[in-house]
Structure formats: C-alpha cells, structure tokens
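Q: Please take a close look at the salt bridges for me. I would like to know where the partners sit along the chain, and how buried or exposed they are.

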Amino acid sequence: MYRIVDGQIRISVRTLVEFVMQSGDLDNRSGSYRDKKAMLKGAKIHKTLQDRAGGEYRAEVPLKYEIACPEYSILLEGRADGIFTRPDGVTAIDEIKSMYADVEHFTEPVVVHRAQALCYAYIFALQNDRKQMGVRMTYCNIKTMKVRYFDETLTFEQLEDWFSDVLLKLTKWFDFLMEHWKERNASIPSIAFPFPYRNGQKQLVVSTYKTIAAGKKLYIEAPTGIGKTMSAVFPSVSAMGQGLADKIFYLTAKTITRTVAQEAFDILRRNGLVFKSMILTAKEKLCILDSPDCNPDACPYARGFFDRINDAVFHLVTHYDRITREDILKVAEEYQVCPFELSLDASYWVDAIICDYNYVFDPDVRLARFFAGDERGDYIFLIDEAHNLVERAREMFSAVLSLKHVKEAKAMTKEAMPTVAPKMDRLQRQLSAMKKACVAEQAEKEILDAAELPILYDNAYTVFSEMEKFYEEHPEFKDQDLLDFYFELRSFLLTFEAMDESYVSYVEPTDDDLLVHLFCVHPAARLLECMHRGRSTILFSATLLPIRYYKELLGAEEEDLAITVPSPFDPEKRLLGVVNGISTVYTRRGPRLYETIARNILDIVKEHAGNYMAFFPSYRMMWDVGEVLETMAFHQGRKIDFMYQQQDMNERDREDYLNEFAGNEDGVTRIGMAIMGGIFSEGIDLTRESLIGVLIVGTGLPQVCMEREILRDYFEETMGKGFEYAYLFPGITKVLQAAGRLVRTADDYGVIALMDERFLRQEYREQFPREWSNGKVWNDDGTMIKDLRDYWARMEEK
C-alpha cells in the first residue's frame, strides 16, 4: 500500500483513492475472476483508445506530488491514462477503465474511478497553474468495444476542496503510523537480549543482524533448545530500529510455532518494546458461517462491508499491540465486518505478521497487498522450521488437472453455462485420449509428451476464458463446484506459464480419472523470486542438514552464508545408540521383524520407568508393532500405557495425547506411538521427566513412488546425487526432527535409540549432527542393556 523512505511516505494515486473512498458490499461473485490475461486485454484496449484520440492526446503521463506534513511528507505518484485539450480550450484528464460489464447502461462513473481522475486533475492544475480542469471517464466493454463517456468541468477551488478532504482522511492513518514508529524506534535501543546467551546463541544473533544489514540470506542449522526464535526475532527488531526494515514476516509451517513466535515478541514487549504483532489465521477458522461465502446475500458482515472496514481496522490497530484471533473476532463482531478481511487490512499497520508460508510464497494465496507486481519492500522474512519449506514449495508451485473434474464440470455447464459447455469438448477428448494411451501401455504413471502440453494449455485456456467471461457478465451466478473447477484451471494455466527446466510434467491414470501433474522438482528459482520481494531472509531449523542440500533447494545465492551451531547441552546427559540387526526395508517387514523391534523397545523402557515416544515410518507399521508390543508386555506382566497417534486428529485430540506426558509422578511407563514427519515429530516441547526416551524405528526414507523417482532422475542427471536428494536427505530430516523431541533444555536427559542397521552405513552417519559423534552401536550381545544401566546410574547420581 505504501513505502516509507527517509520520512517520506510513497503511495500511488490508485491506492490512495481505493483506500479512502472504498464503499459498498464485499462480494466474491464479482471482480475476483480477472487474471493477468484479462489485464493484458485491458492494456491493449487502453492503447487502442489512446491511439484513436489523435496527436494532441498525451498518453500515460506520469504525475507526482509531494505533500509536506509536520512529521513526514507524502509522495503521491501515478500515471494519467491521457491528458488532452478539449475544443473549448480546457485541459482534461482522461481515465480509461475496461471491463466486461455493459457500460452503455452506466448512469454515472464509479466513485473510486472518478476519484482517481480528480486526483490527477488536481495535481496537474496545481503544477501547471490551471484555473479549471476537465475530467473524462472513459468506460469500454472488453467484449464489444462499446464506449461510454462521462465528462465534467471543475474549478481549481473545487478540486482543492475535494483533495483536502481526501488528504485529511489519509493523514489520520499516517499520523498514527509515524507516531507509532517514532515510539517503537525510541524503545528499541534500550531492549537487551532477554536471556543469558547460551553457547553459540550470540553468534546467531550477530550473524542475523549482519545479514539483514547486508540485505542477504542466512541459513542456520542450530539444535533444539538453543533459542532460535528469539535469536532471529531480537536482531530483526533491532534492525527495524536502525531503519533497515519496515516489517517482519515470521513464517511457519505449523500453528504451534506461530504461538512461540508471538511469545517472543511478548517477552520483548514486557521488557519495554513498543511493537505491534499479529497472527494471521486462515479464513475457515475465522468465518462466522459454516463455510466462507463472501457476498451480501449469504453473509451479513459482507453487506456494506467497505463502509465500515476502515473504522474497524483503525480501532483494532490503535487498541491492541498483540493482535490475536480472539481480538480480531471481537472487533469484527463490534463493527460487523469479515474477520478475515479485517486481519488482512490490519496487516498494513502492524510491525510483524506471523503467518503460514503460503502468505508469502503461494501464487494463489500470497498477500497481494505486499507482493503484487514487481515492487520490493523493506521486509525481513524469518522462516522457521525451514526444512519444511522444500516440500511445501513443491506443492505450492505445482498444479494438477483432473479429467474427472472436466467431465463433471462439462455436465454442469450444459444448463448453467451454455456458452462454456461446447468449449469443454476438445479438452475432455484430449485428456480421455491420454488416459486411453496409458491404459493401453499399462502405465501407472507416464512422463507427458512435450508436444501434448502446449495443446493441452490451449484447450484449457479456451475453457477458462469462456468461464471468465461468463462470471464477469453474470456476477450473481453461484455454484461452488464450478467455481472450484474454475480455480483448478486457473492454477494449472498460471503454473504452465511459469514452467521452466525445473519442472516435470506427467500423467497419472486411475480407475475413474486421469491426473495431469505439473510438478515443480526444483523450487529454488521460484522461492528466490519471492524472497527478492523483501530485504533479507533468515532460514533456520534444527534439522537443516546437510546444509548444502537445503541451500541448493531453498534459493541460496553465491554471497549468502550458512552457519551450523553445536548443541549447548552436556552430551553426557543423552545416550544415543544404533540397534544393529534390525532392517525396516519393505521386503523384510513381517511378524519376525516386528517381534525383534518390540523386544528391543521393551528392553529399553524396562531399565527406567518413564515417558517414551516411539516413531514409525507408517501407520501400518505402528499398529502392527503396537499389537506385538502390547501382547509381549501383557505376557511379561508389565504395566505400560500405550497412546497412538491417529489420522486426522483435531487440536483437542492432540492436546489430550500430549497431556498424557505431563510429568511422571505415578512412576508408570508410557509409550507414545507416533509417525515420523507427523504432527508429534516437531514443534512440541516435552521437558525433564515429561519425556526420557525417543525410539526411532526405520530411516525415515520416503516411499518409492513416481514423484520420488522423478526427483531421483532429475538430481542424478543435474547433480549426480539422485538417491540423496530424493530419499536420503528427506529421510534423515525426519529422523533428526523426531530425535529433537528429547533434550530441549539444560535440565533434560534421556535415551535416543535408532532402530535400523542402515544408520551404521557411512552415507547415513555423514548426515548426523556433530553432537551424535559419541553414539553407541548395540549388537544383540547385551551391550545395550549394560549401556542403559550405566547411563541411568550416572543420571541418578546427578
């Protein structure tokens, strides 16, 4: 919306009038379907109309005006579509708007459109000493090229009075913002790092600040418990105080880490920092309806939304510093506005936004308020648990088109969208032919023929264009299934347009469908494009190993740095061992293996009662081993409580599971059975007696599938490391994350057992963190029991 440089606030004319003059309903049935193709059509129409106007018509005239305020200045910038002299000698501004609406039935110009023209008219009159100005609104229908004009003449005094009123509404916001920045920046120098530095932590803080100052990226691998969140937040806030950044985006993959980030800002606020932070919550979790339907017929908050939203935002940002979901819902109810849109609009005026990765990186979801166009902002991106970003990026930058969805949409459009249905034929025929070819070749998945893809794009775009026109001409039309299909097409087309050598396209036939995948194999370039929209990016994780792998896939450039920090905790308080004689490769799975695993687990937990977690590569293995475990424990007369991770657990289910680990006063042994890479393998804190052992079954390697094999082939061809990039490194990350649940503070202790003989191979051991160098090898000769007894005896002494 704005950019502040050395006390000067830069804002475009269009942004100004859309912000100050907005009114009416929130309606997702209109105005949200036009993509960049439609915008290109509009640009061509502008050029056509400008060329028609003749030689004295000046097109695309840049205008700017600096307004001096007591504590700052405002630089207003824009580009008038046209400036010309009317037959009566009066200079006129021409503002051109192209659209699918029937412009011939317009009785007056749209308020915001006229306001944009009036701004240009005022600036031109002021700077060129005009006593009066003409204003022409030119509306053109994209489909028919029919044009509707609205002309008026205003004196300079009328323009000045109008502009002064607009400016007054705007400066209210910037007065608040600049006063807040002044207080914030004055508070920052007195804030010290809030904890005694742990070993290596000061290095993180200094390196982060220097990276932000240099405008680069930093990749941090630092162990659990060192305090990565505060080590990133504190220097980022300090950099803001030095004028190096306007806003912090704290990006996470999971809800629980957003809470940790908010708590870091809370600690600094308690120490005197003046600072506004906000957690962005998904629309579905904020909506007052059962499912979001943003139009005045379905939602009372949508009716007259734009008449009330600015007052609601101003209340929220002036009354709250720590803006939570509950605060947003409270203010939204008071002002009767959409809580999700309220949170998005409020994000302009806060210092830090805590949100999911997709708000910065996902092409379909990212915040257009900050990342539309090619403009770069003075933003700091703090990317927590950055190891998750690789797979999330592949997901965000890939797309799928379904034959089944095409058939279903075609059936629905025959009556609902009669102009669209005929356009679906070629698309359906092409996809059906692809499926027939796969069936004939008995191929489960197949790389797409390069010649097929452009034809598929053309057929899909033909359907998309016709649907787009229909939605523009019938904004009242409402069918969620067709709208979902529309956005599936849109995502597919936009992904195709972004494809380069880092993509692989393939088809996947099923019993009743054919899926066309545009698979982003190497997401670095697209991530880098997003990161370049800010000043600096700090990526950190306890499992960013091997760091060269993550630098390669997460957009590192030659001058970017990486640091690895050793664990600050006493290595003697953790016992690590690899259980030899167990291999969880798929071909060896069965009752005999499960009995061996179960026997070793029971041997480990027998030596010391307490809370343990056992991580498995799949639900199937977890249940199979669990059944054997419980039977063995029963026959041995052992009292052990077992808790199992379930698929699709809600927040209450997760809390109930974790509450079972609250201390161990009753002396009962508990084993939490969980999945590597799942919800309990990262982002949870179980300290001291809450967790004394982590048992990891298997190497965490992803299952063999078409996409993994595509990754293997790609990175083997490009880097000679196909197996490592497709399987080994992602698997080791899951193992390290699971092991990281143990020893998170200086008071923690416990046992880590790696239950797979492959961990003894050189290629696996090379990926271990430095603090694992003292690990044991446990053969079936009693050494494991002896090591456990010796370890627990030492812990008892301490």
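A: Happy to! A residue counts as buried under 20% relative accessible area, as exposed over 50% and as partly exposed in between, with a 1.4 Å probe and protein chains only as cover. The model is predicted, so local features need pLDDT of at least 70 and side-chain atom pairs pLDDT 80 or more, while totals for chains, interfaces and linings use all residues. Numbering runs from 1 along each chain as its sequence is written, and side-chain values use heavy atoms, leaving out hydrogens and water.

The structure holds 36 salt bridges, each a side-chain nitrogen of Lys or Arg within 4 Å of a carboxyl oxygen of Asp or Glu. Let's start at helix 14 (residues 389–397), where Arg 392 sits. Arg 392 bridges to Asp 356, with 2.5 Å between the closest N and O atoms. Asp 356 belongs to strand 12 (residues 352–356), so this pair links parts of the chain 36 residues apart (helices, H or I, have at least four residues and strands, E, at least two; both are DSSP runs numbered from the N terminus). Arg 392 is buried, at 19% relative accessibility, and Asp 356 is buried too, at 10%.

Helix 14 also carries Glu 391, the partner of Arg 708 in helix 24 (residues 706–719), 317 residues apart from it. Here the closest N and O atoms are 2.9 Å apart. Arg 708 counts as buried because its relative accessibility is 10%, whereas Glu 391 is partly exposed at 35%.

Now for a bridge between two loops. Arg 588 and Glu 757 meet at 3.5 Å, N to O. Arg 588 lies in the loop between strand 20 (574–579) and helix 21, and Glu 757 in the loop between strand 25 (750–755) and helix 26 (762–765), with 169 residues separating the pair. Arg 588 is exposed, with a relative accessible area of 51%, and Glu 757 is partly exposed at 26%.

Salt bridges can also join up: Lys 217, Glu 557 and Asp 560 are linked in a network of them.

Helix 21, mentioned above, spans residues 591–606 and includes Ala 598. Ala 598 is buried, at 0% relative accessibility. Its C-alpha lies 7.8 Å from that of Met 632, although the two are 34 residues apart in sequence.
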